[in-house]
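Here are my notes on this structure, set out as numbered points. They deal with the domains, a ligand site and an annotated loop.

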Amino acid sequence: MPPLVELARAKLNLALHVTGRRPDGYHLLDSLVVFASIGDVIALSPGPLSLRIDGPFAAGLPTDDNLCLRAARLAGAGADLVLTKNLPVASGIGGGSADAAAVLRGLARMGHAVPENPERLGADVPVCLGSGPARMQGVGEIVTPLPALPAIAVVLVNPGIALSTPRVFAATERRDHPGLPDIPRLAGLGDLIGWLAETRNDLEPAALSIAPVIGRVLDGLRATNAAFARMSGSGATCFGLYETPEQARIAAAALKQHGWWAVATELAPPPAPR
Ligand SMILES: C[C@@](CO)(OP(=O)(O)O)[C@H](O)COP(=O)(O)OP(=O)(O)OC[C@H]1O[C@@H](n2ccc(N)nc2=O)[C@H](O)[C@@H]1O
Ligand SMILES: Nc1ncnc2c1ncn2[C@@H]1O[C@H](COP(=O)(O)OP(=O)(O)O)[C@@H](O)[C@H]1O
């Protein structure tokens, strides 16, 4: 029987406001989250729990304490897992959380119930489970699905540095920003950019202070005529939005000249219900 295959789409925080902090130190967030068409790939076959990792970013990833295995253990399920790691690690685009959510989706297709507290695996796991446009609030556990966005062309760029999420949160100075403005129906790139102009990524200043190269990535995106550029999550991956897929392809090729990981893709529609 061929393995079940799940795509762990790259997550993008188009806007990310830090609105408070819980007594346990976790931050309250208000974020517009969307997913790109590219991602890691997870193949699941029946069998005892095991994990093999291949792909361009396999090196250095733990095989024992991997979030894919932790997801299967939380679901109480065995499976033979193969992770093809296409996305940079510790990079603000979901990574381990997207992989864990994809494993839970695959296991659900094999008949295993999705655990009740998937956020225990990572704050981004609940939003990554749905893998469609959503407003994410609380520490990540409140997910409100949003209508589909158009397939806007996007370029993702990572300068090749892993940035630790806890370190970026710890270096964030202001934690009491207002939440996102209401999210209207976003029918095209113009609507989206107009709305994004009223928003921020509140983790960007701290990430920039730890890794100034992020500033050069954002300048690089703007120099390729991105209609909008910002960092995703806790960084260091940044995204640029473009008028056309052709512009995005040309921009990605130019940004690779810096030795950075750069890929042209588009905002993905929500997955069809199964
Ligand atoms: C910042 C965000 C925005 O979407 O994305 P990434 O940059 O990781 O992609 C997420 O909130 C990250 O989610 P995730 O990467 O799953 O985080 P977790 O593993 O649960 O948490 C890692 C650490 O980040 C801090 N953390 C995480 C989430 C949150 N709401 N407040 C926090 O303070 C905590 O120090 C925690 O120990
Ligand atoms: N399947 C996985 N994919 C990516 N990272 C993983 C995975 N499993 C465990 N990890 C660990 O999780 C950490 C990445 O976490 P984090 O800094 O939150 O990244 P991101 O910002 O990409 O969400 C890394 O230290 C990595 O070793």
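1. Domain bounds here come from an automatic or database domain assignment. By that assignment the protein chain divides into domain 1 (4-145) and domain 2 (153-266). Their centres, taken over C-alpha atoms, are separated by 20 Å.

2. On conventions: this is a predicted model, in which local features need pLDDT of at least 70, side-chain atom pairs count only at pLDDT 80 or more, and totals for chains, interfaces and linings use all residues. Residues are numbered from 1 along each chain as its sequence is written, while chains are lettered from A and ligands numbered from 1 in the order in which they are written.

3. The contact between domain 1 and domain 2 takes 24 residues from domain 1 and 33 residues from domain 2 (two residues are in contact if their C-beta atoms, placed from the backbone, lie within 7 Å). On the domain 1 side, strand 1 (4-21) and strand 2 (27-45) each supply at least two residues. Strand 1 gives the most to that side, with eleven residues. Helices (H or I, at least four residues) and strands (E, at least two) are DSSP runs, numbered from the N terminus.

4. By class, the side of domain 1 that touches domain 2 holds 13 nonpolar, eight polar and three charged residues. Ala, Val, Leu, Ile, Met, Phe, Trp, Tyr, Cys and Pro count as nonpolar, Asp, Glu, Lys and Arg as charged, and the others, Gly among them, as polar.

5. Where does ligand 2 lie with respect to the domains? Domain 1 and domain 2 both give residues to its shell, so ligand 2 lies between them. There are 18 residues around ligand 2, and Leu 67, Ala 90, Gly 95, Gly 96 and Thr 165 come nearest (a residue is near a molecule if its C-beta atom, placed from the backbone, lies within 6 Å of it). Helix 1 (67-74) and helix 2 (95-109) are the elements that give two or more residues; helix 2 gives the most, with four. The shell divides into six nonpolar, eleven polar and one charged.

6. An unreviewed UniProt entry places the feature "binding site" at positions including Pro 88, Ala 90, Gly 95 and Gly 96; such annotations may be inferred rather than shown by experiment.

7. Pro 88 is in the loop between strand 4 (80-84) and helix 2, and Ala 90 is found in the loop between strand 4 and helix 2. Pro 88 is buried, with 21 other C-beta atoms within 10 Å; Ala 90 is buried, with 20. A residue is buried if 20 or more other C-beta atoms lie within 10 Å of its own, exposed if 12 or fewer, and partly exposed in between.

8. Not counting residues up to four places away in sequence, Pro 88 touches Phe 57, Asn 158, Thr 237 and Trp 261. Leaving aside neighbours within four places, Ala 90 is in contact with Gly 95, Ala 162, Leu 163 and Ser 164.
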